[in-house]
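Student: I have a structure to read and do not know where to begin. Could we go through it one feature at a time?

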Amino acid sequence: MPQPIIEKARSEGRTVLTEIESKELLKSAGINVIDTRLATSREEAISISRQFGFPVVLKIVSPDIVHKSDAGGVRLGLKTASQVGKAYDQILQAIRQNYPEARIHGVSVQKMARSGVEVIIGMSKDAQFGPVLMFGLGGILVEVLKDVSFRIVPLSRRDAAEMLREIKGYPLLEGYRGGEAVDISYLEELLLKVSNFVEKNPEIMELDLNPIFAYSDGAIAVDARVILEEVK
Ligand code: ADP
Ligand code: MG
């Protein structure tokens, strides 16, 4: 079934979906993402923040900026309306100055999520095997140690269980040294949902849920990025 979000990006000649678009697509597939809304003015950012309740996070929304924090486009833990207003202006100023060509949709507003164990789920396409899912721990563990596991889509229940358990950092998910033990079966279900989503959307070339905060009672993606196949 054609997805309006994908069609809109296509009609604009884009393959990169913004965080807002990516999250909407994932949410409609039953994948738990943090509620995120687009603000196109300072006032709107403040009013959405009030509706969500503080603290909130603001992020640049631009199809030309995929690494938002590197670009100076993410502000965490904003506790008041005036902090939100300032962050809104600062984000736009930084992006306009450093990326004058970037198309800017606005700024996303979301609640600051309570911290959990950071994990990531990604999908990329292998020339031989097609879509492959990746699971790993977030942050430096994945960047430095490359402690990740892979399975070919579609995943079986057993694949999902194995993917979680075969990373070296698995003890961190079980609650290492007083850390929160995360809901493993929730993460297994999440992997299966992502696999299903990928299978149903062959137009997606690349997917990144990075990070997902995993808790003892579930997990939620706070960032998402979808990249579409080039049209041939
Ligand atoms: P990018 O990956 O494009 O730099 P992210 O949206 O992942 O931007 O934000 C950067 C970091 O900020 C994340 O890795 C995460 O640690 C933190 N973060 C992002 N959104 C939230 C949120 N809603 N609540 C708490 N922390 C967040
Ligand atoms: Mg991210």
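Student: Leaving aside its neighbours within four places in sequence, which residues is S49 in contact with?

Tutor: Before the answer, note that this is a predicted model. Beyond its neighbours within four places in sequence, S49 is in contact with F54, V56, V84 and V109. S49 itself lies in helix 3, residues 42–52.

Student: Is S49 buried or exposed?

Tutor: The general idea is a cut-off: buried means under 20% relative accessible area, and exposed means over 50%. S49 has 0% relative accessibility, so it counts as buried. Sequence distance and spatial distance should also be read separately. S49 and A81 are 32 residues apart in sequence, and their C-alpha atoms are 7.5 Å apart in space.

Student: How do I see that for the chain as a whole?

Tutor: Take the contacts between residues at least 6 apart in sequence: 61% of them join residues at least 24 apart. Of the 232 residues, 49% count as buried. The elements to follow are 8 helices and 10 strands.

Student: What radius of gyration does the chain have, and why does the number of residues matter?

Tutor: A compact globule of 232 residues would have a radius of gyration near 17 Å; the chain has 18 Å, which agrees. Along the principal axes, the C-alpha atoms fill a box of roughly 50 × 50 × 30 Å.

Student: What does the chain expose?

Tutor: It exposes about 11700 Å², and carbon and sulfur atoms supply 52% of that area. For charge, count the side chains: 29 are positive and 32 negative, and the centres of the two sets lie 4 Å apart.

Student: Which residues are the protein donors of the magnesium ion?

Tutor: To read a metal site, list the donor atoms and then find where their residues sit in the chain. For the magnesium ion (ligand 2), the protein donors are N210 (O) and D223 (OD), lying 2.2 Å from it. N210 is in strand 8 (residues 204–215), while D223 is in the loop between strand 9 (218–221) and strand 10 (224–228), so the pair ties together parts that are 13 residues apart in sequence.

Student: Are N210 and D223 buried or exposed?

Tutor: They fall into separate classes. N210 has 31% relative accessibility and therefore counts as partly exposed. D223, at 17%, counts as buried.

Student: Which residues is K59 in contact with, leaving aside its neighbours within four places in sequence?

Tutor: D223 is one of them, and the list also includes E19, K23, K68 and V222. K59 lies in strand 2 and counts as buried, at 6% relative accessibility. K59 and R75 are 16 residues apart in sequence, with C-alpha atoms 6.4 Å apart in space.

Student: How many residues of helix 2 are buried?

Tutor: For a helix, go through its residues and class each one. In helix 2, 7 of the 10 residues are buried, so the helix is largely enclosed by the rest of the structure. Among them are E19 and K23, both of which are in contact with K59.

Student: Is K27 buried or exposed?

Tutor: K27 is also in helix 2, residues 19–28, but at 52% relative accessibility it counts as exposed. Not counting residues up to four places away in sequence, K27 touches V33 and D35. After the helix comes G30, with a positive phi near 80°.

Student: How should I read the sign of phi and the form of a peptide bond?

Tutor: Most residues other than glycine have a negative phi, and most peptide bonds are trans. The departures are what to look for. K146 is not a glycine, yet has a positive phi of about 50°; R177, also not a glycine, has one of about 45°.

Student: Where are K146 and R177 found?

Tutor: K146 is in the loop between helix 5 (140–145) and strand 7 (148–152). R177 is in the loop between helix 7 (170–173) and helix 8 (184–200). K146 is exposed, with a relative accessible area of 60%, and R177 is exposed, at 75%.

Student: Which peptide bonds are cis?

Tutor: One is the bond from F54 to P55, with omega near -5°. P55 lies in the loop between helix 3 and strand 2, and F54 is among the contacts of S49. Another is the bond from N210 to P211, with omega near 5°. P211 lies in strand 8, and N210 is one of the magnesium donors.

Notes. Residues numbered from 1 in each chain as written. Chains lettered and ligands numbered in written order. Predicted model: local features only at pLDDT ≥ 70, side-chain atom pairs only at ≥ 80, totals over all residues. Heavy atoms only, no water. Helix = DSSP H or I, 4+ residues; strand = E, 2+ residues; numbered from the N terminus. Rg over C-alpha atoms; globule rule 2.2 N^0.38 Å. Buried < 20%, exposed > 50% of the residue type's maximum accessible area, 1.4 Å probe, protein only. Contact = heavy atoms within 4.5 Å. Areas by Shrake-Rupley, 256 points an atom, 1.4 Å probe, with all protein chains shown as cover. Lys, Arg positive; Asp, Glu negative; His and termini not counted. Charge placed at Lys NZ, Arg CZ, Asp CG, Glu CD. Donors = N, O, S within 2.8 Å, 3.2 Å for Na, K, Ca; no water.
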